[in-house]
Amino acid sequence: MSTAPPLDLTRFARHRLLDGVTPIQPLARLGKQLGSVEIFVKRDDLMGLGGGGNKLRKLEFLIAEAQAMGADTILTVGARQSNHARLTAAAAAKAGLACELVLTRSVPRDDEDFVHNGNVLLDTLLGARVHDVADPAAAMPFLQHRTASLRAAGRTVYVAPFGGSSAVGCLGYANCAAEILAQSEAMNTRFDRIVVPNGSGGTQAGLVAGFLAMGRDPRVVQSYTVLAAADKAHATTWGLAQETLASLQPGRKVPGDAIVLVDGQIGGGYGVPTDAMREAVRTMASLEGLLLDPVYGGKAFAGLLQDVRAGKFAKGAKLLFLMTGGLPGLFAYRRAF
Ligand SMILES: *Cc1c(COP(=O)(O)O)cnc(C)c1O
(Lines give C-alpha, C1' and ligand atoms only; values in the text may rest on other atoms or scores of the structure.)
Protein backbone atom coordinates (compact mmCIF):
# COMPACT_ATOMS: atom_id res chain seq x y z
CA MET A 1 0.00 0.00 0.00
CA SER A 2 1.44 3.38 -0.99
CA THR A 3 1.11 6.35 1.29
CA ALA A 4 -0.44 9.51 -0.08
CA PRO A 5 1.97 12.44 -0.25
CA PRO A 6 0.33 15.00 1.98
CA LEU A 7 -0.75 18.30 0.54
CA ASP A 8 0.55 21.08 2.74
CA LEU A 9 -1.91 23.96 2.85
CA THR A 10 -0.74 25.36 6.19
CA ARG A 11 0.69 28.50 4.58
CA PHE A 12 -2.79 29.50 3.39
CA ALA A 13 -5.08 31.28 5.84
CA ARG A 14 -8.17 29.22 6.58
CA HIS A 15 -11.29 29.94 8.61
CA ARG A 16 -12.70 26.57 9.72
CA LEU A 17 -16.31 25.98 8.75
CA LEU A 18 -16.42 22.19 8.31
CA ASP A 19 -16.81 19.77 11.19
CA GLY A 20 -14.10 17.43 9.92
CA VAL A 21 -13.70 14.89 7.14
CA THR A 22 -16.92 14.10 5.23
CA PRO A 23 -17.72 10.37 4.99
CA ILE A 24 -17.44 8.07 1.96
CA GLN A 25 -20.27 5.52 1.81
CA PRO A 26 -21.11 2.63 -0.54
CA LEU A 27 -24.43 2.63 -2.44
CA ALA A 28 -25.10 -1.08 -2.18
CA ARG A 29 -28.67 -1.22 -3.46
CA LEU A 30 -28.00 1.02 -6.44
CA GLY A 31 -24.83 -0.88 -7.30
CA LYS A 32 -26.76 -4.14 -7.22
CA GLN A 33 -29.45 -2.73 -9.48
CA LEU A 34 -26.93 -1.39 -11.99
CA GLY A 35 -25.04 -4.66 -11.89
CA SER A 36 -21.80 -3.65 -13.60
CA VAL A 37 -20.09 -1.13 -11.28
CA GLU A 38 -19.64 -0.26 -7.61
CA ILE A 39 -20.87 3.19 -6.60
CA PHE A 40 -19.78 5.20 -3.57
CA VAL A 41 -20.69 8.70 -2.44
CA LYS A 42 -18.51 11.33 -0.80
CA ARG A 43 -20.93 13.18 1.47
CA ASP A 44 -20.04 16.84 0.98
CA ASP A 45 -23.72 17.51 1.65
CA LEU A 46 -23.08 16.52 5.29
CA MET A 47 -21.79 19.69 6.89
CA GLY A 48 -23.31 21.36 9.91
CA LEU A 49 -23.22 25.00 8.92
CA GLY A 50 -26.13 26.60 7.04
CA GLY A 51 -27.38 23.33 5.57
CA GLY A 52 -23.98 22.40 4.16
CA GLY A 53 -22.65 21.86 0.66
CA ASN A 54 -19.56 22.19 -1.50
CA LYS A 55 -19.31 25.99 -1.21
CA LEU A 56 -18.30 25.72 2.44
CA ARG A 57 -14.96 24.17 1.46
CA LYS A 58 -14.24 27.19 -0.73
CA LEU A 59 -15.55 29.60 1.88
CA GLU A 60 -13.04 28.36 4.47
CA PHE A 61 -10.37 30.06 2.37
CA LEU A 62 -12.49 32.95 1.06
CA ILE A 63 -13.63 34.06 4.53
CA ALA A 64 -10.00 33.95 5.66
CA GLU A 65 -9.11 36.16 2.68
CA ALA A 66 -11.88 38.59 3.67
CA GLN A 67 -10.66 38.67 7.27
CA ALA A 68 -7.07 39.24 6.17
CA MET A 69 -8.16 42.43 4.41
CA GLY A 70 -10.12 43.52 7.48
CA ALA A 71 -13.51 43.19 5.81
CA ASP A 72 -16.69 43.85 7.77
CA THR A 73 -19.02 43.11 4.85
CA ILE A 74 -19.13 40.38 2.20
CA LEU A 75 -20.98 40.62 -1.11
CA THR A 76 -21.57 38.01 -3.78
CA VAL A 77 -23.74 37.28 -6.83
CA GLY A 78 -25.71 34.24 -7.85
CA ALA A 79 -28.90 32.87 -9.33
CA ARG A 80 -32.09 33.22 -7.32
CA GLN A 81 -31.69 29.72 -5.81
CA SER A 82 -27.90 29.90 -5.43
CA ASN A 83 -26.47 27.52 -2.82
CA HIS A 84 -23.28 29.57 -2.91
CA ALA A 85 -25.26 32.65 -1.84
CA ARG A 86 -26.92 30.76 1.02
CA LEU A 87 -23.65 29.35 2.31
CA THR A 88 -21.89 32.70 1.97
CA ALA A 89 -24.66 34.13 4.18
CA ALA A 90 -24.17 31.31 6.71
CA ALA A 91 -20.36 31.65 6.76
CA ALA A 92 -20.68 35.43 7.09
CA ALA A 93 -23.06 35.05 10.03
CA LYS A 94 -20.65 32.68 11.76
CA ALA A 95 -17.66 34.96 11.08
CA GLY A 96 -19.51 38.10 12.17
CA LEU A 97 -19.56 39.80 8.77
CA ALA A 98 -22.52 41.61 7.21
CA CYS A 99 -23.66 39.91 4.00
CA GLU A 100 -25.40 41.21 0.88
CA LEU A 101 -26.47 38.96 -1.99
CA VAL A 102 -27.20 40.04 -5.55
CA LEU A 103 -29.58 37.38 -6.89
CA THR A 104 -30.60 37.24 -10.55
CA ARG A 105 -33.56 35.74 -12.36
CA SER A 106 -31.37 33.80 -14.78
CA VAL A 107 -33.50 30.66 -14.45
CA PRO A 108 -36.92 30.88 -16.19
CA ARG A 109 -39.08 29.94 -13.20
CA ASP A 110 -41.30 32.34 -11.36
CA ASP A 111 -43.59 30.30 -9.11
CA GLU A 112 -43.83 31.14 -5.41
CA ASP A 113 -41.61 28.26 -4.29
CA PHE A 114 -38.84 29.20 -6.66
CA VAL A 115 -38.90 32.90 -5.89
CA HIS A 116 -39.36 32.75 -2.11
CA ASN A 117 -38.74 29.26 -0.71
CA GLY A 118 -35.65 27.04 -0.60
CA ASN A 119 -32.38 28.93 -0.53
CA VAL A 120 -34.02 32.37 -0.63
CA LEU A 121 -35.94 31.71 2.59
CA LEU A 122 -32.68 30.63 4.24
CA ASP A 123 -30.72 33.63 2.90
CA THR A 124 -33.00 35.97 4.77
CA LEU A 125 -33.10 33.85 7.94
CA LEU A 126 -29.29 33.85 7.91
CA GLY A 127 -29.40 37.62 8.06
CA ALA A 128 -28.31 38.48 4.53
CA ARG A 129 -29.71 41.42 2.63
CA VAL A 130 -31.03 40.16 -0.72
CA HIS A 131 -30.97 42.40 -3.80
CA ASP A 132 -33.31 41.19 -6.53
CA VAL A 133 -31.69 42.04 -9.88
CA ALA A 134 -33.65 40.37 -12.64
CA ASP A 135 -31.23 40.73 -15.56
CA PRO A 136 -28.06 38.62 -15.07
CA ALA A 137 -26.13 41.12 -17.24
CA ALA A 138 -27.02 43.86 -14.73
CA ALA A 139 -25.67 41.92 -11.74
CA MET A 140 -22.01 42.93 -11.97
CA PRO A 141 -22.70 46.65 -12.57
CA PHE A 142 -25.14 46.56 -9.64
CA LEU A 143 -22.55 44.83 -7.45
CA GLN A 144 -19.88 47.39 -8.32
CA HIS A 145 -22.25 50.25 -7.62
CA ARG A 146 -23.34 48.75 -4.30
CA THR A 147 -19.71 48.06 -3.31
CA ALA A 148 -18.76 51.65 -4.08
CA SER A 149 -21.57 53.09 -1.97
CA LEU A 150 -20.81 50.80 0.97
CA ARG A 151 -17.15 51.82 0.78
CA ALA A 152 -18.12 55.47 0.60
CA ALA A 153 -20.09 54.87 3.81
CA GLY A 154 -16.90 53.60 5.49
CA ARG A 155 -17.39 49.86 5.18
CA THR A 156 -14.62 47.44 4.21
CA VAL A 157 -16.13 45.22 1.54
CA TYR A 158 -14.96 41.83 0.32
CA VAL A 159 -16.52 40.57 -2.91
CA ALA A 160 -16.65 36.77 -3.05
CA PRO A 161 -16.18 35.34 -6.57
CA PHE A 162 -19.02 33.78 -8.61
CA GLY A 163 -19.67 30.30 -7.22
CA GLY A 164 -16.81 30.85 -4.77
CA SER A 165 -14.51 29.92 -7.64
CA SER A 166 -11.20 31.74 -7.49
CA ALA A 167 -7.75 30.23 -7.03
CA VAL A 168 -8.17 30.90 -3.29
CA GLY A 169 -11.61 29.25 -3.11
CA CYS A 170 -10.41 26.26 -5.13
CA LEU A 171 -7.90 25.44 -2.37
CA GLY A 172 -10.88 23.95 -0.54
CA TYR A 173 -11.19 21.27 -3.21
CA ALA A 174 -7.45 20.75 -3.54
CA ASN A 175 -7.69 19.88 0.14
CA CYS A 176 -10.65 17.59 -0.61
CA ALA A 177 -8.48 15.71 -3.14
CA ALA A 178 -6.01 14.97 -0.33
CA GLU A 179 -8.90 13.94 1.92
CA ILE A 180 -10.25 11.50 -0.70
CA LEU A 181 -6.81 10.01 -1.28
CA ALA A 182 -6.28 9.45 2.44
CA GLN A 183 -9.75 7.93 2.82
CA SER A 184 -9.37 5.61 -0.15
CA GLU A 185 -6.02 4.38 1.17
CA ALA A 186 -7.55 3.78 4.60
CA MET A 187 -10.35 1.82 2.87
CA ASN A 188 -7.76 -0.03 0.81
CA THR A 189 -9.70 1.01 -2.28
CA ARG A 190 -8.74 2.78 -5.49
CA PHE A 191 -11.47 4.78 -7.14
CA ASP A 192 -11.45 4.55 -10.94
CA ARG A 193 -13.49 7.73 -11.30
CA ILE A 194 -14.50 10.62 -9.08
CA VAL A 195 -17.64 12.12 -10.56
CA VAL A 196 -18.70 15.72 -9.88
CA PRO A 197 -21.09 18.34 -11.23
CA ASN A 198 -19.47 21.32 -12.97
CA GLY A 199 -21.16 24.71 -12.46
CA SER A 200 -18.65 27.51 -11.97
CA GLY A 201 -15.88 24.92 -12.31
CA GLY A 202 -14.13 25.41 -8.97
CA THR A 203 -14.92 22.01 -7.51
CA GLN A 204 -13.39 20.15 -10.43
CA ALA A 205 -10.53 22.65 -10.79
CA GLY A 206 -9.56 22.33 -7.12
CA LEU A 207 -9.66 18.53 -7.22
CA VAL A 208 -7.57 18.47 -10.41
CA ALA A 209 -5.01 20.88 -8.96
CA GLY A 210 -4.89 18.87 -5.75
CA PHE A 211 -4.29 15.54 -7.50
CA LEU A 212 -1.61 17.09 -9.73
CA ALA A 213 0.09 18.65 -6.71
CA MET A 214 0.20 15.20 -5.08
CA GLY A 215 1.66 13.64 -8.22
CA ARG A 216 -1.53 11.76 -9.10
CA ASP A 217 -3.39 11.45 -12.40
CA PRO A 218 -6.03 14.21 -12.38
CA ARG A 219 -8.04 12.47 -15.10
CA VAL A 220 -9.62 10.36 -12.37
CA VAL A 221 -11.95 13.36 -11.93
CA GLN A 222 -14.81 13.51 -14.43
CA SER A 223 -17.49 16.17 -14.44
CA TYR A 224 -20.88 16.63 -16.04
CA THR A 225 -21.44 20.23 -16.98
CA VAL A 226 -24.75 21.70 -15.78
CA LEU A 227 -24.19 25.40 -16.49
CA ALA A 228 -21.85 26.30 -19.36
CA ALA A 229 -21.44 24.46 -22.67
CA ALA A 230 -18.56 22.00 -22.66
CA ASP A 231 -15.94 24.12 -24.47
CA LYS A 232 -16.56 27.14 -22.26
CA ALA A 233 -16.74 25.06 -19.05
CA HIS A 234 -13.50 23.33 -20.06
CA ALA A 235 -11.68 26.65 -20.58
CA THR A 236 -12.92 28.12 -17.29
CA THR A 237 -12.11 24.99 -15.32
CA TRP A 238 -8.65 24.62 -16.85
CA GLY A 239 -7.89 28.29 -16.07
CA LEU A 240 -8.94 27.88 -12.44
CA ALA A 241 -6.99 24.64 -12.09
CA GLN A 242 -3.91 26.32 -13.55
CA GLU A 243 -4.11 29.27 -11.15
CA THR A 244 -4.71 26.99 -8.18
CA LEU A 245 -1.83 24.65 -9.05
CA ALA A 246 0.48 27.64 -9.57
CA SER A 247 -0.36 28.87 -6.08
CA LEU A 248 0.41 25.42 -4.64
CA GLN A 249 3.52 24.70 -6.72
CA PRO A 250 4.82 27.74 -8.62
CA GLY A 251 5.77 27.02 -12.23
CA ARG A 252 3.68 23.84 -12.60
CA LYS A 253 1.41 23.50 -15.63
CA VAL A 254 -1.98 21.80 -15.95
CA PRO A 255 -2.12 19.66 -19.12
CA GLY A 256 -5.12 20.37 -21.37
CA ASP A 257 -6.36 16.80 -21.05
CA ALA A 258 -6.44 17.02 -17.24
CA ILE A 259 -9.99 18.38 -17.38
CA VAL A 260 -12.37 15.53 -18.21
CA LEU A 261 -15.78 17.04 -18.77
CA VAL A 262 -18.93 15.47 -20.21
CA ASP A 263 -21.74 17.41 -21.86
CA GLY A 264 -25.35 16.42 -22.51
CA GLN A 265 -27.17 17.01 -19.21
CA ILE A 266 -27.93 20.74 -19.38
CA GLY A 267 -31.19 20.20 -21.30
CA GLY A 268 -33.13 23.46 -21.62
CA GLY A 269 -30.52 25.39 -19.63
CA TYR A 270 -28.99 25.96 -16.20
CA GLY A 271 -31.59 25.24 -13.53
CA VAL A 272 -34.14 23.94 -16.05
CA PRO A 273 -35.38 20.48 -15.01
CA THR A 274 -34.87 17.47 -17.31
CA ASP A 275 -36.62 14.09 -17.22
CA ALA A 276 -33.25 12.42 -16.62
CA MET A 277 -32.66 14.68 -13.59
CA ARG A 278 -36.08 13.80 -12.13
CA GLU A 279 -35.38 10.10 -12.64
CA ALA A 280 -31.93 10.41 -11.02
CA VAL A 281 -33.28 12.27 -7.97
CA ARG A 282 -36.08 9.70 -7.54
CA THR A 283 -33.71 6.75 -8.01
CA MET A 284 -31.22 8.01 -5.43
CA ALA A 285 -33.99 8.88 -2.96
CA SER A 286 -36.01 5.68 -3.30
CA LEU A 287 -33.11 3.21 -3.44
CA GLU A 288 -30.64 4.85 -1.07
CA GLY A 289 -32.58 7.43 0.96
CA LEU A 290 -30.25 10.19 -0.22
CA LEU A 291 -31.38 13.56 -1.51
CA LEU A 292 -29.80 15.09 -4.60
CA ASP A 293 -30.47 18.66 -5.61
CA PRO A 294 -32.29 19.40 -8.89
CA VAL A 295 -29.75 21.83 -10.39
CA TYR A 296 -26.34 20.18 -9.94
CA GLY A 297 -26.27 16.74 -8.33
CA GLY A 298 -29.48 15.59 -10.01
CA LYS A 299 -28.17 16.33 -13.49
CA ALA A 300 -24.66 15.04 -12.84
CA PHE A 301 -26.00 11.83 -11.36
CA ALA A 302 -28.34 11.48 -14.35
CA GLY A 303 -25.25 11.62 -16.57
CA LEU A 304 -23.49 9.03 -14.45
CA LEU A 305 -26.49 6.65 -14.59
CA GLN A 306 -26.73 7.06 -18.38
CA ASP A 307 -23.04 6.34 -18.85
CA VAL A 308 -23.12 3.30 -16.56
CA ARG A 309 -26.13 1.91 -18.43
CA ALA A 310 -24.40 2.60 -21.76
CA GLY A 311 -21.41 0.57 -20.61
CA LYS A 312 -18.97 3.50 -20.61
CA PHE A 313 -17.24 2.30 -17.43
CA ALA A 314 -15.26 -0.92 -17.17
CA LYS A 315 -16.99 -3.85 -15.51
CA GLY A 316 -16.40 -3.74 -11.75
CA ALA A 317 -15.24 -0.11 -11.84
CA LYS A 318 -15.35 1.74 -8.55
CA LEU A 319 -17.05 5.11 -9.00
CA LEU A 320 -17.10 7.82 -6.34
CA PHE A 321 -19.87 10.39 -6.78
CA LEU A 322 -19.35 13.66 -4.95
CA MET A 323 -22.61 14.74 -3.29
CA THR A 324 -22.29 18.52 -3.26
CA GLY A 325 -25.39 19.50 -1.25
CA GLY A 326 -28.16 21.79 -2.45
CA LEU A 327 -31.03 20.08 -0.66
CA PRO A 328 -32.94 23.38 -0.17
CA GLY A 329 -33.29 23.54 -3.96
CA LEU A 330 -35.76 20.64 -3.83
CA PHE A 331 -38.23 22.85 -1.95
CA ALA A 332 -37.87 25.55 -4.59
CA TYR A 333 -38.53 23.01 -7.37
CA ARG A 334 -41.62 21.37 -5.84
CA ARG A 335 -43.59 21.96 -9.03
CA ALA A 336 -40.91 20.30 -11.16
CA PHE A 337 -41.65 17.03 -9.38
C1 LIG B 1 -22.18 25.26 -6.85
C2 LIG B 1 -22.63 23.85 -6.78
C3 LIG B 1 -22.03 22.87 -7.59
C4 LIG B 1 -21.01 23.18 -8.63
O5 LIG B 1 -19.77 23.49 -8.10
P6 LIG B 1 -18.78 24.45 -8.92
O7 LIG B 1 -17.59 24.50 -8.09
O8 LIG B 1 -19.49 25.76 -9.06
O9 LIG B 1 -18.56 23.82 -10.26
C10 LIG B 1 -22.45 21.56 -7.44
N11 LIG B 1 -23.43 21.23 -6.57
C12 LIG B 1 -24.04 22.14 -5.80
C13 LIG B 1 -25.11 21.69 -4.88
C14 LIG B 1 -23.66 23.49 -5.87
O15 LIG B 1 -24.28 24.39 -5.11
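In this predicted model, 16 residues surround the ligand, and those that come nearest are Lys 55, Lys 58, Ser 200, Thr 203 and Thr 324. Sorted by type, the shell comes out as 11 polar residues, 3 charged ones and just 2 that are nonpolar.

Two of those nearest residues, Lys 55 and Lys 58, also turn up when polar side-chain atoms are checked against the ligand's oxygens. For Lys 58, an N or O atom of the side chain lies 2.6 Å from a ligand oxygen. For Lys 55, the corresponding distance is 2.9 Å, again from a side-chain N or O atom to an oxygen atom of the ligand. Asn 54 joins in as well, with a polar side-chain atom 3.0 Å from a ligand oxygen. As for cover, the ligand on its own has 380 Å² of accessible area, and the protein hides 98% of that.

The ligand's home is the largest pocket. Helix H2 (55–68), strand S7 (193–198) and helix H8 (202–213) are the elements that each put two or more residues into the surrounding shell. On the domain level, both sides chip in: domain 1 (24–53 + 166–336) and domain 2 (55–164) each supply at least three residues of the shell.

Methods:
Residues are numbered from 1 along each chain as its sequence is written. This is a predicted model: local features need pLDDT of at least 70, side-chain atom pairs count only at pLDDT 80 or more; totals for chains, interfaces and linings use all residues. Side-chain values use heavy atoms; hydrogens and water are left out. A residue is near a molecule or strand if one of its heavy atoms lies within 4 Å of it. A polar contact is a pair of N or O atoms within 3.5 Å; within protein, one must be able to donate a hydrogen and the other to accept it, and residues adjacent in sequence count only if both atoms are side-chain atoms. Accessible areas come from the Shrake-Rupley method with a 1.4 Å probe; for residues, only the protein chains shown count as cover. On a 1 Å grid over the protein atoms alone, a cavity is a set of points where a 1.4 Å probe fits but cannot get out, and a pocket is an open set with protein on both sides within 12 Å along at least five of seven lines; lining residues have an atom within 4 Å of a point. A molecule sits in a cavity or pocket if more than half of its atoms lie within 2 Å of its grid points. Helices (H or I, at least four residues) and strands (E, at least two) are DSSP runs, numbered from the N terminus. Ala, Val, Leu, Ile, Met, Phe, Trp, Tyr, Cys and Pro count as nonpolar, Asp, Glu, Lys and Arg as charged, and the others, Gly among them, as polar. Domain bounds come from an automatic or database domain assignment.
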